[in-house]
Amino acid sequence: MPSSPDATTVPAPTAAAPARRRMLPLPSRPGRRGHEARPVGAVVALTLLGVVVLVALLGPALSPYSSITVSGPPDLAPFSAGHWLGTDHLGFDIATRVVEGARTSLYAACVVTLGSAVFGLALGTLAGMAGGWVDQVLMRLTDLFLAFPATIVAMAVAMGLGPSLSSSMIGIAVIWWPLYARLTRGEVRRVASSPHVEAARLSGTRGLTLVRRHVVPSVLPTVVVTASMDIGGVIAMLAGLAFIGLGSPEPAPELGLMASSGMQYILGSWWIAVIPGIAVGLLSLLFTYTGDALRSLLRGTGA
Amino acid sequence: MLRFAVRRLGSLVLVLLCLSILVFVLSRYGGGDPVRSYLGNNASASAVAAMREKLGLDDPMPVQFWDYVSRLLHGDLGMSLSTRRPVRAELADRLPATLELAIATLLFSVVIGVVLARVYALPGCFGGIVRFTLLGAASAPAFLVATAGVLIFFVQLGWLPVSGRTSYGPSEGLSGIYVLDGLLTGNLAYSWDALQHLLLPAFAASLGPGVALARVLADGLSTSIGSAYARTARSLGESERSVLRRHGLRNAASPALSMLGVQFGMMLSSLVVVEQIFSWNGLGQYLVMAIDRADTNAVATISLLLGAFYVVINALVDIALAAIDPRVRLS
């Protein structure tokens, strides 16, 4: 990456231009957030994220118990011997179930986010590059979807398809792609008029090649960063849907479901409901924070 | 301004239409066979056919949709399978409860947003810790905040009630909004009790939106304080306080307001969860029960109602934005 943005030099057509927002030499403002570029934070967040993903992937191999069979006395408090996070009212090991639940959450959220991002990216690129009536139609459609109340539509779709994990995933994907379409379209419009794309066009690059080699690489970082932040939101939303009964049925180790069925025992054994809830919060926080740090890095490069 | 408002309301109608199509399609072609759920699995073929005829299920889809919409507009929302009562009666019973909670949540969010916006802009290490904590709080799902609230304020401290809307019976007031009814009938103890019941649920649903609001507000304030027009105002001798009030707040208000509109959708879904936890007898609790018993018609109607609620609020927010900020009208 060039160390300073210089709009007058035309980069070699093959070089992927760094996606960056317009950078103005901003004066340091009083009281302005002091965390613009924080590679340390990003490194810590990414490391933690790596650990969590690893634990979730290894999941079943790490625990001596199964997530859906009784493995000890019921209602064991956390930090008991053999059961780090205690057991629930049936005697299931909570740690095993939380890891399993985190694995399901990660998988589901990644699929939903990736699916929506790819779809939105394709549609947004099409709209941005085509312009004219194609752009008009696609963006009106996007606006229409954006006007829908996200969680309510997700609920309706999940209910319509019959409560299950995959229907709530579809429900969320239905309302999530327009965000990416809108974002991509804006970025594409900006990139399409930039010197390096202009140069590529002049040198005869056309159609899909132009899009694939010059436009998409410039747009991708922004979309990836947004997606990495969104995974946290999707995890929370999936847990919310599972909490109200739109996820898998009992006794699936799903974090939202575990929290909602644990609510009955809240007065006696608070940990049954609270631990899965904390797991959702931590996962969601981790992704949001990582995305935030990545975004600051991206915005802060060269500044 | 009027033209903008009319155009915005036009698109509102379009969105509502599309929303009703979506809900209609999902409720008709999604889960299960409505006739079978009405008559049970042992019904004779002729009874099923008669019922299909009666419900108009054999008509072409556009005709069915037209029937559906015209019935909706006449206030006929169909039967609720889970309670065997008209959905309309169920909604009428529960709407005030949700309304009370929603209004309180909205107020709480604004208060949290404005208070935290000041904290959010704190410089230095302390500010960093505060921001990180807030980010964490905003990431917590509403059910976790609600559960923590129950554990701290009910189980540990015993300060606040956590079940239902009141320790007394339903209010005798007209609005069904208990806090208000107590005030109107001069029964202050009743209002106070209802308010105590309201605190935790409203807080649990408003923490996330409140923090989101605070972030936008803090961002907007710091941008407008550093802007050229603020500098001009300062150079003309305005005090920092007046710059903040006359120029900063006004400019920061519009992104915050539109954020509030967007967050309203989040609030609605949090309300569904929170009502469940606090046994709040509103639309959310009804929705969860309907989902549990596969009462498709009730789920569809509540989704449509909550959806319409959100869409209308956002249209109003947009019009309000245009009224505050003339630039919006031009875009």
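The following dialogue between a trainee and a mentor goes through the reasons behind several labels used for this predicted model.

Trainee: Why are H4(A) and H11(B) called oblique to each other?

Mentor: The two helices pack at an angle of about 45°, with their axes 7 Å apart. Angles under 35 degrees count as roughly parallel and those from 65 to 115 as roughly perpendicular, and the value for H4(A) and H11(B) falls in neither range, so the pair is oblique.

Trainee: Which residues make that contact, and how do they divide by class?

Mentor: H4(A) contributes A:Ala150, A:Thr151 and A:Ile152, while H11(B) contributes B:Gly265, B:Met266, B:Leu268 and B:Ser269. By class, four of these residues are nonpolar, three are polar and none is charged; B:Gly265 is among the polar ones, because glycine is placed in that class.

Trainee: What makes H4(A) a mostly covered helix?

Mentor: A residue is buried if 20 or more other C-beta atoms lie within 10 Å of its own, and 11 of the 11 residues of H4(A) are buried. Among them are A:Val153, A:Met155 and A:Gly160. For chain A as a whole, buried residues make up 46% of its 303 residues.

Trainee: How do you know that A:Ala154 belongs to a nonpolar core?

Mentor: A:Ala154 is one of the buried residues of H4(A), and alanine is among the residue types that can enter such a core, whose members are joined through C-beta atoms within 7 Å. The largest nonpolar core has 161 residues, and A:Ala154 is named with A:Ala156, A:Ile235 and A:Leu238 as having the most contacts inside it. Helix H9 (residues 188-225) of chain B gives the most to this core, with 18 residues. Leaving aside residues up to four places away in sequence, A:Ala154 touches A:Ser168, A:Gly171, A:Ile172, A:Ile175, A:Met237 and A:Leu241.

Trainee: What makes up the side of chain A that touches chain B?

Mentor: The contact takes 45 residues from chain A and 46 residues from chain B. On the chain A side, helices H3 (132-147), H4 (150-160), H7 (207-243) and H9 (271-300) each supply at least two residues, and H9(A) has the largest share, 10 residues. By class, this side has 30 nonpolar, 13 polar and two charged residues.

Trainee: Why is B:Arg84 called exposed?

Mentor: B:Arg84 has 7 C-beta neighbours inside 10 Å, and a residue with 12 or fewer is exposed, so the label follows. B:Arg84 is found in the loop between strand E1 (79-80) and strand E2 (85-86) of chain B, and its phi is near 60°, a positive value in a residue other than glycine.

Trainee: Is B:Ser279, with 12 C-beta neighbours inside 10 Å, buried or exposed?

Mentor: The exposed class takes in 12 or fewer neighbours, so B:Ser279, with 12, sits at the limit and still counts as exposed. B:Ser279 lies in the loop between H11 and helix H12 (283-292) of chain B, and its phi, near 45°, is likewise positive.

Trainee: What makes the peptide bond from A:Glu250 to A:Pro251 noteworthy?

Mentor: This bond is cis, with omega near -5°, and A:Pro251 lies in the loop between H7 and helix H8 (255-262) of chain A. Most peptide bonds, by contrast, are trans.

Terms used
Residues are numbered from 1 along each chain as its sequence is written. Chains are lettered from A and ligands numbered from 1 in the order in which they are written. This is a predicted model: local features need pLDDT of at least 70, side-chain atom pairs count only at pLDDT 80 or more; totals for chains, interfaces and linings use all residues. Two residues are in contact if their C-beta atoms, placed from the backbone, lie within 7 Å. Helices (H or I, at least four residues) and strands (E, at least two) are DSSP runs, numbered from the N terminus. Axes are lines fitted to C-alpha atoms, for helices over the stretch in contact, and angles run from 0 to 180 degrees between N-to-C directions.
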